[in-house]
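I opened this notebook to keep track of what I looked up, one entry at a time. My topic today is the pairing of charged side chains, followed by a look at the surface.

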Amino acid sequence: MTVPRRWLVAVVVVCLAAGGIRQPAALCGVVGAKPTYGLVSRYGLIAFASSLDQIGPFATTVADAALLLDVIAGHDPADSTSLATSPPRAGAALDRGVDGLRIGLVSELASAEGLDPQVVARTREAADALAGAGAKVEEVSVPAAVYGLTAYYLIAPAEASSNLARYDGVRYGRREPGADITEMYLRTRSAGFGAEVKRRIMLGTYALSAGYYDAYYGKAQKVRTLIVRDFEAAYQRFDALLAPTAPGGAFPLGAKTADPLLMYLNDVCTIPSNLAGHPAISVPFGVDDAGLPLGVQVLAPALGETVMFQVAAALEAAR
């Protein structure tokens, strides 16, 4: 049996709420697309942060990613968050170019804390390439995006604390023996979760606890609303937005595990679109001085996958 080439170059992956498709795609030099929240069914997915988790494709090319997204998108009555509207066709405008499109370079993300100068350079080269292809490119401000990282690391752990509570060795998951139920819980969850997972569960439990809910989780949700509004204002002027994907190239395994805050900063450019529920795609665009791939991302409004892939295809061609 001959396997069609398409099946060899694209896979469906889970976006773990903050950029789990786009960041690995950028670091590995492939395409990674996060769809509009609710566009792809999450039925059967083990939930981490229910208002953020999404599923989307990795692929070697923009066209392959569009092909796969068109296959997996659509309403699923088994998923209460699934959109009932007809999904946009991701691959409908891949060959149209960007002549006349309005592209905004997000200033807050292009100058975010911790960005490698080479990432900034590649992002501006991508903006120049789109301008050279006929797009109208300008900088745009999305002010609340600078608070995305803070809001995310309250909302996501809170939802994780709630979702992962079921994995107690009684209802779900592994079970470790103990002298009584309290010891069984402690041993089970200590053995079943790694340090980072336990760190997020404890942070989320604290944020949801009595006396702190309004001060932390409630305020984070208000910041999320501000991010949505600022993106909506930007999309009134622009068809799509441009930003870096990851702060730098791939780093050695374990290099940042000793400093969780340093690791969390890797999400600074991808989190805002997750909080807004908008689609975004990472496209390889150049390498750093070590020869490692770098990516830039195209962001679009909700259900704007068609124009997002249109711009991504132009970036791929310019590369």
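Entry one. I began with E196 and R199, whose side chains meet in a salt bridge with an N to O distance of 2.3 Å; I keep in mind that this is a predicted model. The two residues are three apart in helix α8, which spans residues 195–208, and so about one helical turn separates them. I then looked up their exposure and found E196 partly exposed at 27% relative accessibility, while R199 is partly exposed with a relative accessible area of 33%.

Entry two. I next turned to R200, whose side chain also forms a salt bridge with E196, at 2.8 Å from N to O. R200 and E196 lie four residues apart in helix α8, about one turn of the helix. R200 has a relative accessible area of 17%, and because buried means under 20%, I noted R200 as buried. Through salt bridges that share partners, E196, R199 and R200 are joined into one network.

Entry three. I moved on to helix α7, where the side chains of E183 and R187 meet in a salt bridge of 3.8 Å, N to O. These residues are four apart in that helix, so about one helical turn lies between them. E183 is partly exposed with a relative accessible area of 30%, and R187 is partly exposed as well, at 40%. In total, I counted nine salt bridges in the structure.

Entry four. Last, I looked up a nonpolar surface patch of about 270 Å², made by V170, I181 and Y185. Of these residues, I181 is placed in helix α7, which covers residues 181–192.

Conventions: Residues are numbered from 1 along each chain as its sequence is written. This is a predicted model: local features need pLDDT of at least 70, side-chain atom pairs count only at pLDDT 80 or more; totals for chains, interfaces and linings use all residues. Side-chain values use heavy atoms; hydrogens and water are left out. Patches are made of residues with over 30% relative accessible area and no salt bridge: like charges are joined within 9 Å, nonpolar side chains (Val, Leu, Ile, Met, Phe, Trp, Tyr) within 5 Å. Accessible areas come from the Shrake-Rupley method with a 1.4 Å probe; for residues, only the protein chains shown count as cover. A salt bridge is a side-chain nitrogen of Lys or Arg within 4 Å of a carboxyl oxygen of Asp or Glu. Buried means under 20% relative accessible area, exposed over 50%, partly exposed in between (1.4 Å probe, protein chains only).
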